[in-house]
Amino acid sequence: MQKPDVVIFSDGACKGNPGPGGWGAVLRFEAQATGLLHEKELYGGESVTTNNRMELTAAIRALEALKRPCRVVLNTDSRYVLDGITKWIAGWKKKGWVSSTKQPVKNVDLWKALDAAREPHEIEWRWVRGHSGDVDNERADALANLGVPGARASSP
């Protein structure tokens with residue numbers, strides 16, 4: 001059986017670093033039975049966090065939302081997420097989650113979760129410039145901001 005194709009845009013936001021933060025993701029896929037395009041939006045947040053943690057969480061939650069193995073194009077505006085998952089993670093794992101500077105890897109809990117979440121999927125990781133007018137990235141950003149604790153209460 002062919003794996004379904006899914007396009008994901010993920011983003012994180014933080015009001016202060018650390019501070020209250022949110023994550024958001026847009027998932028788009030075509031239903032194989034009907035050929036109809038489906039879209040799912042996800043968001044959430046934490047009261048005290050960092051921007052990098054929210055960027056990682058957005059990608060994790062989006063991948064965890066997939067109910068079966070998929071071919072995924074995951075778009076992120078975070079170089080930290082992109083470089084970490086495509087360049088650095090293999091070395092971190094080989095060295096016991098120690099960085100090139102011999103320090104413990106920051107956010108190791110989330111890197112391990114992202115590593116596990118990506119396992120069943122074929123993923124093409126893409127970087128997209130944030131705040132540059134890409135409609136899907138802007139939507140993921142808006143969702144991330146909705147996820148910031150208190151954001152909904154203060155929205156007009």
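This report walks through a pair of packed helices, the salt bridges and one buried acidic residue in a predicted model.

## Two helices that cross

Let's start with helix 2, which covers residues 79-94, and helix 3, which covers residues 108-118. Their axes come within 11 Å and cross at roughly 95 degrees. Angles of 65 to 115 degrees count as roughly perpendicular, so that is the label for helix 2 and helix 3.

Who does the touching? On the helix 2 side, the contact is made by Tyr-80, Val-81, Gly-84, Ile-85, Ile-89, Trp-92 and Lys-93. Helix 3 brings Trp-111, Leu-114, Asp-115 and Arg-118. Sort the residues of this contact by type and you get 7 nonpolar, 1 polar and 3 charged.

## A salt bridge between the helices

Two of the contact residues, Lys-93 and Asp-115, also pair up in a salt bridge, with their closest N and O atoms 2.8 Å apart. Lys-93 sits in helix 2 and Asp-115 in helix 3, so this pair links distant parts of the chain, 22 residues apart. The two partners are not equally covered: Lys-93 is partly exposed at 40% relative accessibility, while Asp-115 is buried at 12%.

## Salt bridges elsewhere

Across the whole structure, a search turns up 10 salt bridges. One of them joins the side chains of Arg-71 and Asp-5, at 2.6 Å from N to O. Here again distant parts of the chain are linked: Arg-71 belongs to strand 4 (residues 71-76) and Asp-5 to strand 1, with their positions 66 residues apart. Both ends are partly exposed, Arg-71 with a relative accessible area of 30% and Asp-5 with 43%.

A more local pair is found in helix 1 (residues 51-64), where Glu-64 and Arg-61 are 3 residues apart, or about one helical turn. Their salt bridge has its closest N and O atoms 2.9 Å apart. Glu-64 is partly exposed at 47%, and Arg-61 is partly exposed too, at 36%. There is also a network of salt bridges, which links Arg-28, Glu-39 and Asp-136.

## A buried aspartate without a partner

Which residue is buried yet has no salt bridge? That would be Asp-11, found in strand 1 (residues 5-14). The nearest side chain of opposite charge belongs to Lys-15, and it is 9.5 Å away. A salt bridge needs the nitrogen and the oxygen within 4 Å.

So what does Asp-11 touch, leaving out residues up to four places away in sequence? Its contacts include Gly-22, Trp-23, Gly-24, Met-54 and Ala-58. Among them are also the acidic residues Glu-55, Asp-77 and Asp-141.

Note on methods: Residues numbered from 1 in each chain as written. Predicted model: local features only at pLDDT ≥ 70, side-chain atom pairs only at ≥ 80, totals over all residues. Heavy atoms only, no water. Axes fitted to C-alpha atoms, helices over the stretch in contact; angles between N-to-C directions. Helix = DSSP H or I, 4+ residues; strand = E, 2+ residues; numbered from the N terminus. Parallel < 35°, antiparallel > 145°, perpendicular 65-115°, else oblique. Contact = heavy atoms within 4.5 Å. Nonpolar A, V, L, I, M, F, W, Y, C, P; charged D, E, K, R; others polar. Buried < 20%, exposed > 50% of the residue type's maximum accessible area, 1.4 Å probe, protein only.
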